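Biologist: I've got a structure open and I'd like to learn how to read it. Can you walk me through it, one feature at a time?

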Amino acid sequence: MSSHQGWIKLHRALLDWQWFSDANTSHVFMYCLLKANHKDNMHRDTLVKRGTFLTGRDLISRETGCSVREVRTALKRLESANVLTSKTSSQGTVIEVLNYDRYQSIDQQNDQQATSERPANDQRATTNKNDKNDKNEKNTPSGGCGGGELFDETPAPKTPKTPKTKKAFVPPTREEFIQHAVETLPRRNPDWSPEQAYRCADNQFETYIDQDWHDGNGKKISNWKNKSITAMLYRKPHYFGSNPQFFLEQKKIAANSASPL
């Protein structure tokens, strides 16, 4: 006896569905409807909710006869059509049939066992009674499988992205600025000695202070570490020679040249 018991309900609106004529896509969708849990279940301490099931592409391929590539394509189409979703978990792939209650009402699922115990001839007698089905369609509540709303393929609204807020610029202290230069400049260019990097950084720091932390093009500095190192690498190490008095002399020369006549 088959381990698969019970039944599912299909609406004739399926005939008007855009993917019904695509054999692989409709086949995979039928498979998902048949495999989805009709009630919440626990699987290895993981809750598998009604309308969902745990699976994998290889397993779907084996059980449907479709290739793994065909399964992948079908699942992408079904997700794009807003019919189901698939998410990867530690237990495997969790597939959820969206709007599952539209396809399979709870009352109908609870009735499965009683229906399966009826005599076979009673089941045959109630098969394909289209007139009765048509009447049931008219009396179907909005939460059931009304044909017009069965395949609501309107894309789910996208969650608006939260705009990123820029962090306020906090200028470094002189000690932070110089230490970064002493550690970085000799590593980026071996021609720089720590003493030269120290003097260059002190000079560059003064420049940024005078420019209110704007670069030479008048643009506000946001990343002082990258900006300062890039600027100092353009300068020549020998301009900041090994004599400790050299830098002071250069500052005096610069100050005198800037003084009005």
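Modeller: Sure. Let's start with a term: a residue is called exposed when its relative accessible area is over 50%, and buried when that area is under 20%. Keep in mind that this is a predicted model.

Biologist: Let's try that on Val 170. Is Val 170 buried or exposed?

Modeller: Its relative accessible area is 64%, so Val 170 is exposed. You'll find Val 170 in the loop between α8 (130-138) and α9 (174-188).

Biologist: And how far is Val 170 from Trp 224 in sequence and in space?

Modeller: They are 54 residues apart along the sequence, while their C-alpha atoms are 9.3 Å apart in space.

Biologist: Now the sheet. How should I think about strand pairing?

Modeller: Strands of a sheet pair through backbone hydrogen bonds, and the pairing is either parallel or antiparallel. Here there is an open sheet of 3 strands in the order β3-β5-β4, paired antiparallel. β3 and β4 are the edge strands, each pairing on one side only. On average, neighbouring strands of this sheet are turned by 25° against each other, direction ignored.

Biologist: How many bridges join β4 and β5?

Modeller: There are 6 bridges between β4 and strand β5 (residues 92-97), in the antiparallel sense. If you want a spot to click on, Thr 88 stands opposite Thr 93 in β5.

Biologist: Which strands does α1 touch?

Modeller: α1 packs on the sheet and touches β3, β4 and β5. The direction of α1 makes about 110° with that of β3.

Biologist: What about helix against helix? At what angle do α1 and α2 cross?

Modeller: The axes of α1 (residues 23-35) and α2 (residues 57-64) cross at roughly 105° and come within 11 Å. Crossing angles of 65 to 115 degrees count as roughly perpendicular, so α1 is roughly perpendicular to α2.

Biologist: Which residues make that contact?

Modeller: From α1 you have His 27, Tyr 31 and Lys 35; from α2, Leu 59, Ile 60, Glu 63 and Thr 64. Sorted by class, the contact of α1 with α2 has 3 nonpolar, 2 polar and 2 charged residues.

Biologist: While we're on α2, what does Ser 61 touch, leaving aside its neighbours within four places in sequence?

Modeller: Ser 61 is in helix α2, and with those neighbours left out it is in contact with Cys 66, Ser 67, Val 68 and Val 71. Ser 61 has a relative accessibility of 14%, so it counts as buried.

Biologist: Next, the aromatics. How do I describe two rings together?

Modeller: A pair of aromatic rings is described by the distance of the centres and the angle of the planes. This structure holds 10 aromatic pairs. Take Tyr 31 and Phe 53: the ring centres are 6.3 Å apart and the planes are at 75°, so the pair is edge-to-face. The pair links distant parts of the chain, with Tyr 31 in helix α1 and Phe 53 in strand β3 (residues 52-55), 22 residues apart. Tyr 31 is buried at 8% relative accessibility, and Phe 53 is buried at 3%.

Biologist: How are the rings of Phe 177 and Trp 213 arranged?

Modeller: Their centres are 6.1 Å apart and their planes are at 65°, so that pair is edge-to-face. Phe 177 lies in helix α9 and Trp 213 in the loop between α10 and α11, so the pair ties together parts that are 36 residues apart in sequence. Phe 177 is buried, with a relative accessible area of 1%.

Biologist: Which residues do ring pairs link into a cluster?

Modeller: The cluster is made of Phe 169, Phe 177, Phe 205, Tyr 208, Trp 213 and Trp 224.

Biologist: Last one: backbone angles. What is the phi of Trp 213?

Modeller: Phi is near 60° there, a positive value in a residue other than glycine. The loop that holds Trp 213 runs between α10 (194-210) and α11 (224-233). At 6% relative accessibility, Trp 213 counts as buried.

Biologist: And where is Asn 82 found?

Modeller: Look in the loop between α3 (68-80) and β4 (84-89). Asn 82 has a positive phi of about 60° although it is not a glycine. Its relative accessibility is 19%, so Asn 82 counts as buried.

Note on methods:
Residues are numbered from 1 along each chain as its sequence is written. This is a predicted model: local features need pLDDT of at least 70, side-chain atom pairs count only at pLDDT 80 or more; totals for chains, interfaces and linings use all residues. Side-chain values use heavy atoms; hydrogens and water are left out. Helices (H or I, at least four residues) and strands (E, at least two) are DSSP runs, numbered from the N terminus. Buried means under 20% relative accessible area, exposed over 50%, partly exposed in between (1.4 Å probe, protein chains only). Axes are lines fitted to C-alpha atoms, for helices over the stretch in contact, and angles run from 0 to 180 degrees between N-to-C directions. Angles under 35 degrees count as roughly parallel, over 145 as roughly antiparallel, 65 to 115 as roughly perpendicular and the rest as oblique. Contact means heavy atoms within 4.5 Å. Ala, Val, Leu, Ile, Met, Phe, Trp, Tyr, Cys and Pro count as nonpolar, Asp, Glu, Lys and Arg as charged, and the others, Gly among them, as polar. Rings of Phe, Tyr and Trp (its six-membered ring) pair if their centres lie within 6.5 Å; planes under 30 degrees apart count as stacked, over 60 as edge-to-face and the rest as tilted. Two strands pair if DSSP finds at least two bridges between them.
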